[in-house]
Amino acid sequence: MNRIFHLIVLWAGLGTVFGYSDTLHYDLTIFGITCGEISYISEKDKMAVTAQSSGFVEYFYPFKNDYNTSFDTLSFGVRHYKKITRQGEFKQRLSGNWDKSLEEFTYDKLGSFKRADSCMTIFTFLERLNRKSSEDLDTQWFPLEHEGNMFKSRVLLADTSELIINGHSFMCNHFRLDLLPVDKEIKMLDRSDYFSHNITRPDAVKQIWVERKPSGKILKASVKIGPITVTATLKNERVL
């Protein structure tokens with residue numbers, strides 16, 4: 001049962017990628033049962049999300065996680081990152097800032113490390129996918145940093161398919177998201193929230209369905225670890 005709750009919180013973190021210049025709401029489900037909800041606010045150069053448990057999970061494993069990110073609007077390189085996570089009895093705060101003059105990203109109380117100005121996080125990479133033509137990003141590798149660890153990131157177009165949400169039909173580009181570690185990883189945290197800890201696992205199968213428009217929004221996404229799949233889907237009021 002703990003594994004299920006961990007996956008639910010993992011996918012709640014991915015809710016930060018949804019939407020642009022708007023407030024969007026997504027349902028989080030497992031085995032077809034709603035277990036959480038995501039509210040997301042996107043502005044020109046920043047994003048903020050609250051992912052919160054609901055339903056049966058609220059009684060057994062409540063969580064409320066806030067993630068905030070600012071970024072360069074051309075490269076989507078991260079400029080500031082802050083998270084406040086509350087998962088059961090586990091609580092954590094983390095924040096960091098980009099220093100352009102030193103070409104370093106510094107996490108408060110953890111230290112600094114060198115990286116490229118254009119290096120993204122998982123959140124800004126997916127926000128880039130959400131804002132730009134997703135077909136133009138297909139197969140391209142991008143540098144990505146995740147709480148001190150360096151990765152190569154890309155999306156691969158699996159197919160073009162019809163997605164039905166609340167009785168409405170959408171043509172979508174269906175992508176697989178790959179995150180591959182690079183040499184000389186820098187591990188900065190012994191423990192993190194379940195999303196941050198598990199999203200880069202090699203056995204986590206991550207899929208995204210993006211509306212087929214010049215800047216179509218993400219309508220649905222899923223993450224699968226073992227036999228368990230957690231899905232986030234745009235709520236009814238935004239697909240009409």
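A residue is called buried when its relative accessible area is under 20%. In the predicted model examined here, helix α3 spans residues 122-131. By this criterion, 10 of the 10 residues of α3 are buried, so the helix is largely enclosed by the rest of the structure. The buried residues of α3 include the hydrophobic side chains Ile-122, Phe-123, Phe-125, Leu-126 and Leu-129, which count as nonpolar. Glu-127, Arg-128 and Arg-131, which count as charged, are also among the buried residues of α3, as are Thr-124 and Asn-130.

Internal space was examined next. Rolling a probe the size of a water molecule over the atoms shows where empty space is left. The count comes to two cavities of 30 Å³ or more, and the largest cavity has a volume of about 50 Å³. The lining of the largest cavity consists of Tyr-81, Tyr-107, Thr-121, Ile-122, Phe-123, Glu-145, His-146 and Glu-147. Two elements, α3 and β9 (142-146), each give two or more residues to this lining. By residue class, the lining of the largest cavity divides into four nonpolar, two polar and two charged residues. Ile-122 and Phe-123 thus appear both in the lining of the largest cavity and among the buried residues of α3.

A further buried position is found in strand β13, which covers residues 218-225 and contains Ala-221. Ala-221 has a relative accessible area of 1% and is therefore buried. Ala-221 and Thr-233 are separated by 12 residues in sequence, and their C-alpha atoms lie 6.8 Å apart in space.

Conventions
Residues numbered from 1 in each chain as written. Predicted model: local features only at pLDDT ≥ 70, side-chain atom pairs only at ≥ 80, totals over all residues. Heavy atoms only, no water. 1 Å grid on protein atoms, 1.4 Å probe; cavity = no way out; pocket = protein on both sides within 12 Å on 5 of 7 lines; lining within 4 Å. Points joined across faces, edges and corners; volume = space filled by probe spheres on them. Helix = DSSP H or I, 4+ residues; strand = E, 2+ residues; numbered from the N terminus. Buried < 20%, exposed > 50% of the residue type's maximum accessible area, 1.4 Å probe, protein only.
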